[in-house]
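Open the model in your viewer and keep the selection tool at hand. We will go stop by stop.

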Amino acid sequence: MLVSLNWLKELVDIPVDAQTLARRLTDTGTEVEGVEIPVPLFKGAVTAKVESIRLHPERPDLFVLSVKAGHRKGTCITAAKNLSEGDIVPWGPPGCVLADGTEVSTRDFQGVVSEGMVLSAEEIGLPEIADEFGILRLEPDTALGEDARKALGLDDTILEVSITPNRGDLLSMVGIAREVSAVFPEARFKGLSPRVTPRAEKLDDFEGVFLSDAGCPFYALGSIDNVRIMPAPVRARIRVLLSGMRPISNVVDATNLVMLLVGQPLHAFDDSGLPGREITVRAARDGEMILTLDGKTRILDREDLLITSGGKPIGLAGVMGGGESEISEKTTRVLLESANFDSIRISRTSRKLGIPSEAAYRFSRFVDPFKVETALAIAMDIMASWGAGEPTGWIASGAPALEERHVPLTSAVLEKIIGTGDLEMASGILARLGINTDDRDPSRRFYKIPSYRPDISIEEDLVEEVARIRGYDKIDSVLPPVMHTTGDITDRMRAERAVRSTAMARGYSEVVTYCFVSPASISALRFPGSDLRSSPVALSNPLSSDMSVMRTTLAPGLVQAVQKNIRSGWRMAIRIFETGMVFYRKGDEVEEVFKLGGCVCPGVDSRSPWGEQETEDFHSVAADVEAIFASRGISVKLVPGNEPFGHAGKTARVMADGRDIGYLLVLKPEIEAELELPAPLFLFELDMEPLVQGGRALFGEIRKFPPVYRDISLVVEDGVYSSDILMLLRELGGPLLEDVRLFDIYHGKGIPEGHRSLAYSLAYRDPERTLRDEEVDDIHGRLREQLSQKGIRIR
């Protein structure tokens, strides 16, 4: 938010310079990101009256002006045709410096010397305030001979203030002024005292305002007749511009100035553009459309809030008005809206439709419902004072929906957190923030929370207010109490470190993706309706439609990360992993499950001096998974499985201690084609719980005695898994069988149809001595006999 220091001084006495003010505001939590002087190079101009105008004797395209600035007179040459005798203008005499740094001097125009120049809005450095082509004309009551910077309100300092989302009250000059008065005890807060006329029962031929949705608890509507649309006064236009908005017309600028002043957005309707003689606030219908002021047609749903007349939409509540009731030069009667809307509904509509208006920005962060009448009264008074129209009254429907709140503060909690339990001191600080109490108890007091501070609800909130205004630097440093045990990390942290260390050692990079994804990214994975992952939890206030649901799987984020890297030009292999939560809907509850996910892509260019390299395959990624789990002392087993987005025959379930903990797969070719990904793309997603509960990998001493190897070749049916044979060999091999390794798979001559040959290398070792061949032959022979007894054919 841009804050004019001159405007701020109209609301509060400021006892310090701009830099000190900025520093203290920042120290108390209202960060000032910048301090700027508007059009800093412009100087030396004065206000002057055009006393006479005549044509140049030699140049009929030029005019000779006689100007007077107090006791000083001069002659100027101009080509502008918009001036008349008696106009007040900014005059740049010789020595004046324009906004672009050009110094004005005298100049001879074919025998007539121009003593400087009369200035346009562009030469002053504010082209946006120009209301006509030519010289900038000031108000008739402008004092002559005054420094133009002061006369135009450019002798100002602009603070760029960053407002946190919980402090919607600071999105107004009044809110900033109140904050300044709290920070500086000697700064007197002047506040506002608008004249609010009594509410009328009816506006002439207007039927009234009707509220049919709880998203609008209070709606006021003012009427201004005999409207004359023209530019706002020059100083008002400049104030609007310096506050970061664009001057438009007297009516619109008045509503914007009031919004900037008190934080209550307003909207002006052209009465002739309303389809009916009433205004109704209701929820939109699915698919309903509205043409907004920016000329775009918006498609709405039932969560959007509409302002309607005669059953037709005339505005998006709290976001933007409709194009058909826009204020124009033909407007003769204005209906002025001042209302309070549900912040969540307005925020959702603004984000969904991509309309980041000033009104939506404020409503999304809470607007004090008790400002509705005040803002309307101020706006109508401003329009009347500018000659923009004649206020004829106002009507309203509903009432501010906000309960009175009282929050306790005890000296014990105050002392525990900030080192002092002085409730008198605390009450003084809180009173400057508008938080008052009638209690005088030295140990416990209840404070009435004003309507503009919804962020204060518990005792700690009051402590924070006292601490930041008093100064965090005044809280004494205290050493923590002595801990009788050493600090430690959690099992989850150990598991994450083990995963990170092992994965990165195997060439993976860690990524962190959003927990919010698009519904389309979930449906792209073809989950059936019975799958928990097919029904993600929708956000009530999403950042955008692409981030509107909670992820039920890590896969979309990992795949999108691969896509972004490839689109940015990366051509080599990509190996990424992530640990994070996924979210499942369980009735009215949301279950969070900690997952490990990984994605491997061979890249779009696998060329090398040694020929085409197949850098990754299913087995190499499986080895990565096994290594990650081995780092926590866990052995996993892969068995054939299915996933709706997995390649048939290249999808495995990962088992740990007999429990299914996830999948490893190659993405379906049709999904790879839809996502324009190079094939194959390997994905794995596994529960982190076994890794969290697991321990460290076990290591032993180096074996002193050599192993003795024997090979065995078995004929099994095609449906028998090699992993099952491995487990059987380990079970039957006895304590001296140290390792079993599959080294050959054979189909063909000598092997019956529907069978295959699996060849294993078996390593026997005794840790205490060297085994003799006859001992190994005896053990290996018994193993062969046992296998034969189980019906397994030995080649």
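Two strands count as paired if DSSP finds at least two bridges between them. Keep that in mind for the first stop. One caution before we start: this is a predicted model.

**Stop 1: a sheet of three strands**

Select residues 2-4, which are β1, and residues 31-36, which are β2. Add β10, residues 158-162. Together the three strands form an open sheet in the order β1-β10-β2, with antiparallel pairing. β1 and β2 are the edges, and each has a single partner strand, so one side of each has no neighbour in the sheet. Ignoring direction, neighbouring strands here are turned by 30° against each other on average.

Now zoom in on β1 and β10. Three bridges join them in the antiparallel sense. Which residue of β10 stands opposite leucine 2? Glutamate 160 does.

**Stop 2: a hairpin**

Select residues 63-69 for β4 and 72-78 for β5. These strands run antiparallel and share seven bridges. Find valine 67; opposite, in β5, stands glycine 74. Two residues lie between the strands of this hairpin. Click on glycine 70: its phi is positive, near 70°.

**Stop 3: a loop with a buried valine**

Go to the loop between β12 (218-225) and α6 (234-242), where valine 227 is found. Is valine 227 buried or exposed? Its relative accessibility is 7%, so it counts as buried; the cut-off for buried is under 20%. Show its contacts. Beyond its neighbours within four places in sequence, valine 227 touches Val251, Thr331, Thr332, Arg333, Val334, Ala388 and Gly389. Try a distance too: the C-alpha atoms of valine 227 and methionine 383 are 9.1 Å apart, although 156 residues separate them along the chain.

Asparagine 226 lies in this loop between β12 and α6 as well. Asparagine 226 is partly exposed, at 42% relative accessible area. Check its backbone: phi is near 50°, a positive value in a residue other than glycine. Most residues other than glycine have a negative phi.

**Stop 4: two crossing helices**

Select residues 423-432, helix α12, and residues 459-470, helix α13. Their axes come within 9 Å and cross at roughly 90°. That makes α12 roughly perpendicular to α13. Colour the side that meets: Met425, Ala426, Ile429, Leu430 and Arg432 in α12. They face Leu462, Glu465, Val466, Ile469 and Arg470 in α13.

**Stop 5: rings and charges**

Show the aromatic side chains. How many aromatic pairs does a search of the whole structure find? Four. Take phenylalanine 341 and phenylalanine 363: their ring centres are 5.3 Å apart and their planes stand at 70°, so this pair is edge-to-face. Phenylalanine 341 sits in the loop between β20 (334-340) and α8 (343-353), and phenylalanine 363 in helix α9 (residues 358-364), so the pair ties together parts 22 residues apart in sequence. Both phenylalanine 341 and phenylalanine 363 are buried.

Next, pick tyrosine 508 and phenylalanine 684. Their centres are 6.4 Å apart and their planes are at 70°, so this pair is edge-to-face. Tyrosine 508 lies in the loop between α14 (491-505) and β24 (509-510), while phenylalanine 684 is in strand β32 (residues 682-687), so the pair ties together parts 176 residues apart in sequence. Tyrosine 508 and phenylalanine 684 are both buried. Then find the cluster of Phe527, Phe645 and Tyr663, linked by ring pairs.

Two arginines are worth a click. Arginine 178 lies over the face of tyrosine 452, 3.8 Å from the ring centre. Arginine 492 has its charged end over the ring of phenylalanine 594, 3.9 Å from the centre.

**Stop 6: a sheet of seven strands**

Finish with the open sheet ordered β24-β27-β28-β32-β31-β30-β29, whose pairing is mixed. β24 and β29 (636-640) are the edge strands, each pairing on one side only. Select β30 (residues 646-656) and β31 (residues 659-667); seven bridges join these antiparallel strands. Threonine 651 has leucine 665 in β31 as its bridge partner.

Now add the helices. α14 lies across β24, β27 and β28, at about 145° to β27. Helix α17 (residues 618-630) lies across β28, β29, β30, β31 and β32, at about 25° to β32.

Last click: glutamate 676, in the loop between α18 (669-674) and β32. Glutamate 676 is exposed, with 67% relative accessible area. Its phi is positive, about 55°, although it is not a glycine.

Terms used. Residues numbered from 1 in each chain as written. Predicted model: local features only at pLDDT ≥ 70, side-chain atom pairs only at ≥ 80, totals over all residues. Heavy atoms only, no water. Phe/Tyr/Trp six-rings, centres within 6.5 Å; stacked < 30°, edge-to-face > 60°. Helix = DSSP H or I, 4+ residues; strand = E, 2+ residues; numbered from the N terminus. Buried < 20%, exposed > 50% of the residue type's maximum accessible area, 1.4 Å probe, protein only. Lys NZ or Arg CZ within 6 Å of the ring centre and 35° of its normal. Axes fitted to C-alpha atoms, helices over the stretch in contact; angles between N-to-C directions. Contact = heavy atoms within 4.5 Å. Parallel < 35°, antiparallel > 145°, perpendicular 65-115°, else oblique.
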